[in-house]
Amino acid sequence: MNPETKTTGGFEPKIVAFVCNWCTYLGADLAGTNRLEYPANVRIVRLPCTGRVDFNLLVKAFEVGADAVLVSGCHPGDCHYAAGNFHARRRWGLFRELLDTLGVDSRRVHFSWISAAEGAKFQKLVTEIVEKTRELGPYEDYKAIVAEK
Amino acid sequence: MENQLRNAIRKLLEEKTVDVAIGYGRVGVGGAVGAVFVTDPSEVDRLVWNAECRQNLAVHLSRPEVKALGKPAIVVKGCDARAVVVLANEGQIDRENVVVVGVVCEGIQGADASGVATGTLLDKCVTCVEHAAQNVDILIGDAAKAAELDAANAPNAKTAGKQAKLAALLQKTPEERFQYWRDEFSRCVRCHACRQSCPLCYCNRCVADKNRPTRIDTSATLKGNFAWNILRAFHLAGRCVGCGACSAACPAGIDLDLLNLTLANAADEQFGYVAGKELGAAPLIGTYAENDKEEFIR
Ligand code: SF4
Ligand code: SF4
Ligand code: FES
């Protein structure tokens, strides 16, 4: 385990990473087999393709207590289903604008392309996201609307 | 113009070009304007056209009970006409099998709580540059007048009306914006009137109604209201034509147009796409370009 995540008592952000089966999941796996340590704060949800990442899943992640979300898949041109990530990219571009108008904290919503060979990129990115989210603190705004009946 | 409209519809019905005409009539409480379905040519006098024709009648085109009436003619304003285009582009109607009767619209007025016209134009009309409905089969009214009105609005089309309201919201900090929506959505009663009034929310079974598993809270919890309103808005990304039917229908007075407009602006800015502008256009979501912008992706 990464030494930073061992601290007890402090805030440990929950990060939900929606990754595609064919690239980023394998990238994360490679990080593991290469013993590249990354914080245990990341919960990986494996989906067939970024094209399958319904925006409702991101909303759901915040509903169940995520402090940040990451969506990651194959680089453009490398999608296992040829174009799933192209479709996803277009949706995200629009969805980000909606979140912005709603005032959802954009610093907590991340997108990346990580290939099966990029274990190191996965490690670096999630470590960065965890650090950044730790600085931001818990996503109180969203937790508050979840708590309200 | 009203007579012109009635005559055109009478002809369509008499010649059996259509089986039913969907238009406006004074059918509501106190003579409020709503939808009428005229099948008999002798009844075309029920049709009206005035500044209180607020509804977007295109919502009826995909309803099975209306489809059962046979081939329709439909009366549309400029904004509503774009919804008909989207319905056709998405395969929900056979455009050949609908007679679209466009009207030259000089703007629609808001209504007070008791339904009386306020004399003030709706926000959408202040920025409207389609006073003459496009992609129609018959146009009723003075096209030259429409062009004049379009020209008058054009300079402020991107800044006045709802655009100004959205710009003001975006001036606030994200925290303030979140608080704003928190206040707004806390009034949502989840009646789904926004969905029912929308010509483009035509799914037989809405994901919001699914309960195996439940995707979003079905009762009006604040968390569910956020999820619902995010869902409703985003399912219309690249599709909403800005007719404002949802906001007008909302009993809680939530300004849903601000969400729709956000996405319409994004579609235009990022992809040069305006929903319902062009018959035969491919849907924005469902297609892609290899060079779509991605500076936000790491
Ligand atoms: S937006 Fe244009 S076409 Fe639609 S009601 Fe207003 S003036 Fe008429
Ligand atoms: S019409 Fe208004 S109150 Fe009803 S579900 Fe839609 S947003 Fe909520
Ligand atoms: S399979 Fe990885 S993005 Fe489509």
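**Exercise 1. Find which residues lie nearest the centre of the largest cavity, and describe its lining.**

Step 1. Start with the centre: C198(B), P199(B), C240(B), C243(B) and C246(B) lie nearest to it, out of 13 lining residues. A cavity here is a set of points, on a 1 Å grid over the protein atoms alone, where a 1.4 Å probe fits but cannot get out, and lining residues have an atom within 4 Å of a point.

Step 2. Keep in mind that this is a predicted model, where local features need pLDDT of at least 70, side-chain atom pairs count only at pLDDT 80 or more, and totals for chains, interfaces and linings use all residues. Residues are numbered from 1 along each chain as its sequence is written, chains are lettered from A and ligands numbered from 1 in the order in which they are written, and side-chain values use heavy atoms, with hydrogens and water left out.

Step 3. Sort the lining by class: nine nonpolar, three polar and one charged. Nonpolar covers Ala, Val, Leu, Ile, Met, Phe, Trp, Tyr, Cys and Pro; charged covers Asp, Glu, Lys and Arg; the others, Gly among them, are polar.

Step 4. Add the volume, about 100 Å³. That's the space filled by probe spheres set on the grid points, which are joined across faces, edges and corners.

**Exercise 2. Work out which cavity holds ligand 2, and what surrounds the ligand.**

Step 1. Ligand 2 sits in the second largest cavity; "sits" means that more than half of its atoms lie within 2 Å of the grid points.

Step 2. This cavity has about 80 Å³ of space. Its lining runs to 15 residues, with C188(B), C191(B), C194(B), C250(B) and I254(B) nearest the centre. α8 and α9 of chain B each give two or more residues to that lining. Helices (H or I, at least four residues) and strands (E, at least two) are DSSP runs, numbered from the N terminus.

Step 3. Now the ligand's own shell, meaning residues with a heavy atom within 4 Å of it: among them are C188(B), C191(B), H192(B), C194(B), W228(B) and C250(B). By class, the shell has nine nonpolar, two polar and one charged.

**Exercise 3. Say which residues are around ligand 1.**

Step 1. The shell includes C79(B), C105(B), C125(B), C128(B) and H131(B), along with K77(B), K124(B) and E130(B).

Step 2. Two elements of chain B, α3 (78-89) and α4 (123-126), give two or more residues to it. The class split is five nonpolar, three polar and three charged.

**Exercise 4. How many residues meet where chain B is in contact with chain A?**

Step 1. Count contacts (heavy atoms within 4.5 Å): 44 residues of chain B against 41 of chain A.

Step 2. Take the buried area, the accessible area (1.4 Å probe) lost on putting the two parts together, summed over both. The chains bury about 4,100 Å², 63% of it on carbon and sulfur atoms. F178(B), F296(B) and R298(B) supply 20% of chain B's share, more than any other three residues.

**Exercise 5. Where is the cis peptide bond?**

Step 1. Go from R212(B) to P213(B): that bond is cis, with omega near 0°.

Step 2. P213(B) is in the loop between α8 and α9 of chain B.

Key: On a 1 Å grid over the protein atoms alone, a cavity is a set of points where a 1.4 Å probe fits but cannot get out, and a pocket is an open set with protein on both sides within 12 Å along at least five of seven lines; lining residues have an atom within 4 Å of a point.
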